[in-house]
Amino acid sequence: MFCPKCGKENVDTAEFCSSCGENLKGKPTGVSQETAVGPIGILFFCIPLVGAIMYFVWKEDKPEKAKRACHLALWGVGVGIVIQILSTIIQHM
Ligand SMILES: [Zn+2]
């Protein structure tokens, strides 16, 4: 990898830059803001996705299960929207 500070090439396993001593294992700047939604937001984004997939997988063989998966997906969308709104409000407080 290349040092983000001075640009010198270091081995990928290096923890610190051999030239300027920059911490290469540290969190890259700018990425932390994108993950501000948090794992809960991602989880409730995945539930409707999984529910939709299960619905299409089961709708032929197991219509009852498919219906339940569909309900789960709708429920996940609703909860996900509420969580997104709440987290947005909290962030702007
Ligand atoms: Zn460096």
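Two residues count as in contact if their C-beta atoms, placed from the backbone, lie within 7 Å. By that criterion, and leaving aside neighbours within four places in sequence, Tyr55 is in contact with Ala66, Ala69, Cys70 and Ala73. The model is predicted. The protein has two helices and zero strands, and Tyr55 belongs to helix H1, residues 38-58. Cys70 lies in helix H2, residues 63-91.

**Overall make-up and confidence**
- Of the 93 residues of the protein, 6% count as buried.
- Taking contacts between residues at least 6 apart in sequence, 30% join residues at least 24 apart.
- The mean pLDDT of the protein is 82, and 83% of the residues reach 70 or more.
- In residues 31-35 the pLDDT is below 50, and this stretch has one contact in the model beyond near neighbours in sequence.
- Where pLDDT is low, predicted coordinates should not be read in detail.

**Tyr55 in helix H1**
- Tyr55 has 19 C-beta neighbours inside 10 Å and therefore counts as partly exposed, since the buried class begins at 20.
- Between Tyr55 and Lys65, ten residues apart along the chain, the C-alpha separation is 7.7 Å.
- Two of the contact partners of Tyr55, Cys70 and Ala73, are taken up in turn below.

**Cys70 in helix H2**
- Cys70 counts as partly exposed because 18 C-beta neighbours fall inside 10 Å.
- Apart from neighbours within four places in sequence, the contacts of Cys70 are Gly51 and Tyr55.
- Gly51 is 19 residues from Cys70 along the chain, and their C-alpha atoms are separated by 5.8 Å.

**Ala73 in helix H2**
- Ala73 is also placed in helix H2.
- The count for Ala73 is 19 C-beta neighbours inside 10 Å, so this residue is classed as partly exposed.
- Not counting residues up to four places away in sequence, Ala73 touches Ile47, Pro48, Gly51, Ala52 and Tyr55.
- Leu49 and Ala73 are 24 residues apart in sequence, with a C-alpha to C-alpha distance of 7.0 Å.

**Contacts in summary**
- Gly51 appears among the contacts of Cys70 and among those of Ala73.
- Tyr55 likewise is a contact of Cys70 and of Ala73.

How values were computed. Residues are numbered from 1 along each chain as its sequence is written. This is a predicted model: local features need pLDDT of at least 70, side-chain atom pairs count only at pLDDT 80 or more; totals for chains, interfaces and linings use all residues. Helices (H or I, at least four residues) and strands (E, at least two) are DSSP runs, numbered from the N terminus. A residue is buried if 20 or more other C-beta atoms lie within 10 Å of its own, exposed if 12 or fewer, and partly exposed in between; C-beta atoms are placed from the backbone. pLDDT is the predictor's confidence in each residue, from 0 to 100.
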